[in-house]
Amino acid sequence: MTIMPNSVEARDMAYQMHPMVNLRKYEKSGGLVIESGDGIYVTDNTGKRYIEGLAGLWSVALGFGEKRLAEVAKAQMEKLPYYHSFSYKTHGPSIDLAEMLVKIAPVPMSKVHFTSSGSEANDLACKMVWYRSNALGKKDKKKIIGRIKGYHGVTIAAGSITGLPRNHESFDLPLDRMVHTSCPSYVHFGLEGESEADFTKRMLKDLEDLILKEGAETIAAFWGEPVMGAGGVLMPSDGYWAGVQAILKKYDILLVADEVICGFGRTGKMFACETLGIEPDVLVVSKQISSSYMPLSAIIMNDHFYQPIADESDRIGVFGHGFTASGHPVATAVGLENLKIIQERDLVGNAARLEEKFLGGLAELAKHPLAHSSRGIGLLGALEIKPWADANAGDAAAAIAAACQDEGLIIRNIGEAICFCPPLIITAEQIDDMFGAVARALDTVQAAHA
Ligand code: PLP
């Protein structure tokens, strides 16, 4: 692409430092400028339209043109654009949303605390875990178990629980208090000849061995995405979550379920905890809570978690944490309306009804010579690509993702996989369009490589 002086691309390259890019490469290449959105589509500044196959960052459940969210945001801005929830103040939108989240939670929950991003929510949940251990007089019970390939964000504590080297390297992470256990994706980590049941047993043994090695009395909490997203859509093996929960109970370790991607319908139920039989003490949600129209996240906690924290704040005199934007009225008003729309239009049911078609389409694509296998749940899936036999031939999944973009489809390549997480409003015909673009991209890359 030729970049004209003073163009929007040139000014972007001159002034903006982007997240999750090679900064030197960006200085030369710039990025794709997206200008508008509508339904499952976004349009760039040349007028080219794309299916957003990853719903932005796994988040835009209602698609890119939901007028009701814009109207609610406008009305809230006109009525009360901002107020905080510090020092004994509160406001309607945050109350309404907190009540709704407690009511729809997959297990009995008692309180909700709002933050603005998934990272912030995980970071604060981690601080709450430490605060709670101190409240209980368990000063040594502070370690957190995350998982290799788990993703919980990038702030200091959340980034430390994340189990991806690229989020640690040169940032001086992880913190010493964070330890990581194995990734339960059988496809990726199963051994030659090992059955899935034996793999699960090995994963559970790894977890228990880690707890015993570190000392159960030093471990406060286990963090996990029900289905790993940013690690590459990695499915837990059969029996994994039941086994993990039995171990955590045995050693008095809290379970924090990070449903930042899975929450609000992605797996065909309102929460993946329902889909997979997980009963967490703390549920972290974000992204689809507001379809990302406004930055918003929430920590939903049970009484067992909340009560010692409340006691400790009483002893100290204050729960000494809060953000200017905690429970922001516009964000929470948009979140509430977004969840009402998800319910009214039965978008959770849409994900459940389309699951077979979606996973079937991926399985068909997996028959392509460049593909290895497919996997997924609800409307979250991945197509595993075979690496090129010649190691110098570059990254096959990246080449396919780029060819998809040429075909008018934005998806994400992670490792050897290309990942799909379309808006929950997608229709059966649009799934065909999306996978049609992938099929053409696979053929193009194959022909170029022949
Ligand atoms: N947790 C999970 C499971 C995520 O997928 C993400 C983001 O992708 C985060 C946490 C971090 O959220 P944010 O990018 O809003 O900080």
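**Group meeting: two domains and the contact between them**

Okay, so the domain assignment splits this protein in two: domain 1 is 32-65 plus 346-449, and domain 2 is 69-344. Before I go on, keep in mind that this is a predicted model.

How far apart are the centres of domain 1 and domain 2? Going by C-alpha atoms, it's 27 Å. And the two do touch: 25 residues from domain 1 and 24 residues from domain 2 take part in the contact.

Let's look at the domain 1 side. Which elements each supply at least two residues there? You've got helix 3 (55-58) and helix 14 (347-365), and then strand 11 (371-377), strand 12 (380-385) and strand 15 (417-420). Helix 14 gives the largest share of that side, with 5 residues. If you sort the domain 1 side by class, you get 16 nonpolar residues, 7 polar ones and 2 charged ones.

Now let's zoom out to the whole protein. We have 16 helices and 15 strands. The radius of gyration is 22 Å, and the globule rule for 450 residues gives 22 Å, so the protein is as compact as a globular protein of that length. For the overall dimensions, the C-alpha trace spans about 70 × 60 × 45 Å along the principal axes.

Two last numbers on the packing. Out of the 450 residues, 49% count as buried. And if you take the contacts with a separation of 6 or more, 71% of them are between residues 24 or more positions apart.

That's the tour, happy to go back to any part of it.

Key
Residues numbered from 1 in each chain as written. Predicted model: local features only at pLDDT ≥ 70, side-chain atom pairs only at ≥ 80, totals over all residues. Helix = DSSP H or I, 4+ residues; strand = E, 2+ residues; numbered from the N terminus. Rg over C-alpha atoms; globule rule 2.2 N^0.38 Å. Buried ≥ 20, exposed ≤ 12 C-beta atoms within 10 Å, placed from the backbone. Contact = placed C-beta atoms within 7 Å. Domains from an automatic or database assignment. Nonpolar A, V, L, I, M, F, W, Y, C, P; charged D, E, K, R; others polar.
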